[in-house]
Amino acid sequence: MGRQLFSVQEGMARTGLGRSNFFNKIASGEIRSVKVGKRRLIPDTAIDEYIERLESRSAGDADVA
């Protein structure tokens with residue numbers, strides 16, 4: 001399957017984030033997005049990258065304990 005673009009609702013469901021938090025992550029650049037017409041869409045790779053960053057931060061925190 002090729003690359004996909006997800007709606008904000010789909011991105012929220014895939015990350016488990018609420019609407020405000022999800023839009024804050026987009027605004028801060030933590031989650032990349034593109035605009036197509038009036039729609040804000042999230043590349044599948046942006047979600048993967050966000051999750052990988054969370055996992056690597058979490059792994060770093062485990063070393064501290």
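A surface patch here is made of residues with over 30% relative accessible area and no salt bridge, with nonpolar side chains joined within 5 Å. Keep that in mind as you open this predicted model.

**Stop 1: the nonpolar patch.** Select Leu5, Val34 and Val36 and show their surface: they form a nonpolar patch with about 220 Å² of accessible area together. Now pick out valine 36, which you will find in strand S2. Its relative accessibility is 44%, so valine 36 counts as partly exposed.

**Stop 2: the nonpolar core.** Next, turn to the inside. In soluble globular proteins, nonpolar side chains tend to be buried together. To see the largest nonpolar core of this model, select Phe6, Val8, Met12, Leu17, Phe22, Ile26, Ile31, Ile42, Ala46, Ile47 and Tyr50, eleven residues in all. Colour the helices and you will see that H1, H2 and H3 each supply at least two residues of this core. Which helix gives the largest share? That is H3, with three residues.

**Stop 3: methionine 12.** Stay with the core and centre on methionine 12, in helix H1, which spans residues 8-15. Is methionine 12 buried or exposed? At 13% relative accessibility, methionine 12 is buried, because the cut-off for that label is under 20%. Show its surroundings: setting aside residues up to four places away in sequence, methionine 12 touches Leu17, Gly18, Arg19 and Phe22.

**Stop 4: isoleucine 47.** From methionine 12, draw a distance to isoleucine 47. The two C-alpha atoms are 9.7 Å apart in space, while the residues are 35 apart in sequence. Both methionine 12 and isoleucine 47 are members of the eleven-residue core. With residues up to four places away in sequence left out, the contacts of isoleucine 47 are Phe6, Gly11, Arg14, Thr15 and Ile42.

**Stop 5: aspartate 44.** Move along to aspartate 44, also a residue of helix H3. Here is a charged side chain that is buried yet has no salt bridge. Which side chain of opposite charge is nearest, and how far away is it? Select arginine 3, and you will find it 4.2 Å from aspartate 44. That pair is not counted as a salt bridge because the limit is 4 Å. Beyond its neighbours within four places in sequence, aspartate 44 is in contact with Gly2, Arg3, Gln4 and Phe6.

**Stop 6: the salt bridges.** How many salt bridges are there to visit? The count is two. For one of them, select glutamate 49 and arginine 32, whose closest N and O atoms are 3.1 Å apart. Glutamate 49 belongs to helix H3 (residues 44-64) and arginine 32 to the loop between helix H2 (19-28) and strand S2 (34-36), so this pair ties together parts that are 17 residues apart in sequence. Glutamate 49 is partly exposed at 33% relative accessibility, and arginine 32 is partly exposed at 37%.

For the other, select lysine 25 and glutamate 30, with an N to O distance of 3.7 Å. Lysine 25 counts as buried at 16% relative accessibility, whereas glutamate 30 is partly exposed at 25%.

**Stop 7: serine 56.** Finish at serine 56, again in helix H3. Its relative accessible area is 49%, so serine 56 is partly exposed. For one last distance, select alanine 27 too: the two C-alpha atoms are 22 Å apart in space, and the residues are 29 apart in sequence.

Notes
Residues are numbered from 1 along each chain as its sequence is written. This is a predicted model: local features need pLDDT of at least 70, side-chain atom pairs count only at pLDDT 80 or more; totals for chains, interfaces and linings use all residues. Side-chain values use heavy atoms; hydrogens and water are left out. Buried means under 20% relative accessible area, exposed over 50%, partly exposed in between (1.4 Å probe, protein chains only). Helices (H or I, at least four residues) and strands (E, at least two) are DSSP runs, numbered from the N terminus. Patches are made of residues with over 30% relative accessible area and no salt bridge: like charges are joined within 9 Å, nonpolar side chains (Val, Leu, Ile, Met, Phe, Trp, Tyr) within 5 Å. Accessible areas come from the Shrake-Rupley method with a 1.4 Å probe; for residues, only the protein chains shown count as cover. Contact means heavy atoms within 4.5 Å. A nonpolar core is a set of buried Ala, Val, Leu, Ile, Met, Phe, Trp, Tyr and Cys residues joined through side-chain atoms within 4.5 Å. Lys and Arg count as positive and Asp and Glu as negative; His and the chain ends are not counted.
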